[in-house]
Amino acid sequence: YNTPSFNSQKDSEGPEKRLFHNRLAVQAGAYQNSCWVVSVAKAGDEDGFPLIGGSLIVNPDGEVVVEAKTEGDELLVHPCDLDDTVFGKKTIFDFARHRRIEHYGLITSQTGVVLPPEV
């Protein structure tokens with residue numbers, strides 16, 4: 001991703017809040033899918049805008065195991081044992097048992113909000 005350090009539409013949202021939201025999304029995705037996530041960010045300046053960097057590696061429990069510390073280029077390394085994904089996939093998020101694609105029709109058949117009829 002390439003997220004600027006500051007939000008041009010919301011001056012009060014600085015780098016800390018932007019990194020918080022980035023971590024939140026990545027950690028939730030790793031946990032909900034019981035998988036490792038290697039989230040790679042651009043750093044430095046692009047078109048005159050400083051980028052937050054913030055690359056990180058998150059384990060299947062949603063824990064950040066290593067994270068970039070600056071807005072500059074950094075190399076992150078962490079051993080990722082793929083067997084760590086098995087527990088969540090077989091118990092908490094037993095996708096084979098809980099995923100009910102027969103109910104996806106409404107989700108995939110419309111774009112945007114369709115309000116129910118008024119009573």
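## Salt bridges, cysteines and two unusual backbone angles

R100 is partly exposed, with a relative accessible area of 44%, and its side chain meets that of E102 in a salt bridge. This is a predicted model, and the briefing below walks through its charged pairs, its cysteines and two residues with a positive phi. In brief, the count comes to five salt bridges and zero disulfides.

**Salt bridges**

- Side chains of opposite charge can pair when their charged atoms come close.
- Five salt bridges are counted in the structure, including the three described here.
- In the pair of E102 and R100, the N to O distance is 2.5 Å.
- E67 pairs with R23, and their closest N and O atoms are 2.6 Å apart. E67 belongs to strand β5 (residues 64-67) and R23 to helix α1 (residues 15-33), so this salt bridge ties together parts that are 44 residues apart in sequence.
- E67 itself is buried, at a relative accessible area of 16%.
- K42 forms a salt bridge with E46, with 2.8 Å between the closest N and O atoms. Both partners are partly exposed: K42 has a relative accessible area of 40%, and E46 has 27%.

**Cysteines**

- If you are wondering about disulfides, the structure holds zero. C35 is in no disulfide, and the nearest cysteine sulfur to its own, that of C80, is 11 Å away.
- Seen from the other side, the closest cysteine sulfur to that of C80 is in C35; the 11 Å between them is too far for a bond, because a disulfide needs the two sulfur atoms within 2.5 Å.
- C35 is partly exposed, with a relative accessible area of 23%.
- C80 also counts as partly exposed, at 30% relative accessibility.

**Residues with a positive phi**

- Most residues other than glycine have a negative phi, and here are two places to look at with that in mind.
- S34 is a residue other than glycine with a positive phi, near 45°. You will find S34 in the loop between α1 and β1 (37-39), where S34 counts as buried at 2% relative accessibility.
- D47, again not a glycine, has a positive phi near 55°. Its place is the loop between β2 (43-46) and β3 (49-52).
- Is D47 buried or exposed? At 71% relative accessibility, D47 counts as exposed, whereas S34 is buried.

Methods: Residues numbered from 1 in each chain as written. Predicted model: local features only at pLDDT ≥ 70, side-chain atom pairs only at ≥ 80, totals over all residues. Heavy atoms only, no water. Salt bridge = Lys/Arg side-chain N within 4 Å of Asp/Glu carboxyl O. Helix = DSSP H or I, 4+ residues; strand = E, 2+ residues; numbered from the N terminus. Buried < 20%, exposed > 50% of the residue type's maximum accessible area, 1.4 Å probe, protein only.
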